[in-house]
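Biologist: Could you walk me through this model and show me how the terms are applied? I'd like to see the reasoning behind each label.

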Amino acid sequence: MYQKLLLAASIPAAPAGFDDWKYMEPTFFLFAIPVVFLYGICIGSFLNVVIIRLPIGESLTKRASHCMTCGTKIRIIDLIPVFSWLFLKGKCHSCGEKISPRYPIVETLNGLLYVADFLIFGLTANMFIMCIFTSVLVVVGFMDWDTQEMDMRVLLVIVLLVIPSYFASELTIADRLIGAASIGLPFFLIGELTRPYAKKKTGEDVRGVELGDTILMAFSGLLLGWKAMVPSAFIGILFAGVFGSILKKKTGESKFAFGPYLCMGLYLGAMFGPMITEWYISRFPQPETYEYYANCILMR
Ligand SMILES: [Zn+2]
């Protein structure tokens, strides 16, 4: 088993694609999937802390995990992700107040998304980059859902990821710059153009597309390249249109967070975007086809 792990770890960083996992044996997968999942829910446990504490300005490290109602420090035994929540039946051991199901949901979600990253990218450098990006999306999505705001420090993690990604993927600098501008620029323009109208309507300085959403898409474009960005934005806007309107009807609330849907779009776009774009381009006649027809005409 140890040798197999070494073998898998020595696979060079391959470009994103479905071919990577072919190099690995099924037994390796049976062993690796639960490990990746458990790793994902442990990271998810930390993400919960980030989602709750950053917007209220609490330190991420200084204070031990505590009950949000009574403030009692959480026992070590109750810190196990997902399982502790199930064992406690979703209640604080000290005051008996309900603990939000959000905690196990975020943990499980992060675990499942890590498994998907692993299955798509294989055990490559790109997988690790994608896992960190996934967690950033989870944090940004839930934070925007809660507060309608995005934390710049979290968004900057995406820019930091561009450095290892530059060495691990085949994306060129041009791919990345076009990726940043392709969605970032239109979003910025829509935001600025709708600003006077939105101000008149709500009385607040708001935009049709908030600056946070624009920055998220621009930074992600630098990381993922344009081929991933166009489908990302398309899926995100589609989800926002469908789920957003259902939610609005249900709750009747006028406040609307675009971020969570953009994050879903970005996750799917990062995974399948380049494939979708390449398929779409291949639907159109290629330059070689034109040349072929031109030759046919000339021969006649
Ligand atoms: Zn409590």
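Modeller: Gladly! pLDDT is the predictor's confidence in each residue, from 0 to 100. This is a predicted model, and the protein averages a pLDDT of 86, with 91% of the residues scoring at least 70.

Biologist: Where does pLDDT stay under 50?

Modeller: That happens over residues 9–18, for which the model has 17 contacts beyond four places in sequence.

Biologist: What makes K89 exposed rather than buried?

Modeller: A residue is exposed if 12 or fewer other C-beta atoms lie within 10 Å of its own. K89 has 8 within that distance, so K89 is called exposed. Along the chain, K89 sits in the loop between helix 3 (83–87) and helix 4. Its C-alpha atom is separated by 45 Å from that of T277, 188 residues apart along the chain.

Biologist: Which domains does the assignment give?

Modeller: The domain assignment gives domain 1 (1–147) and domain 2 (171–300). Their contact takes 11 residues from domain 1 and 12 residues from domain 2.

Biologist: What counts as a contact there?

Modeller: Two residues are in contact if their C-beta atoms lie within 7 Å.

Biologist: Which elements give two or more residues to the side of domain 1 that touches domain 2?

Modeller: Helix 4 (102–121) and helix 5 (125–147) do. Helix 5 provides the largest share of that side, eight residues.

Biologist: How do the residues of that side divide into nonpolar, polar and charged?

Modeller: On the side of domain 1 that touches domain 2, eight are nonpolar, two polar and one charged.

Definitions and conventions: Residues numbered from 1 in each chain as written. Predicted model: local features only at pLDDT ≥ 70, side-chain atom pairs only at ≥ 80, totals over all residues. Domains from an automatic or database assignment. Helix = DSSP H or I, 4+ residues; strand = E, 2+ residues; numbered from the N terminus. Nonpolar A, V, L, I, M, F, W, Y, C, P; charged D, E, K, R; others polar. Buried ≥ 20, exposed ≤ 12 C-beta atoms within 10 Å, placed from the backbone.
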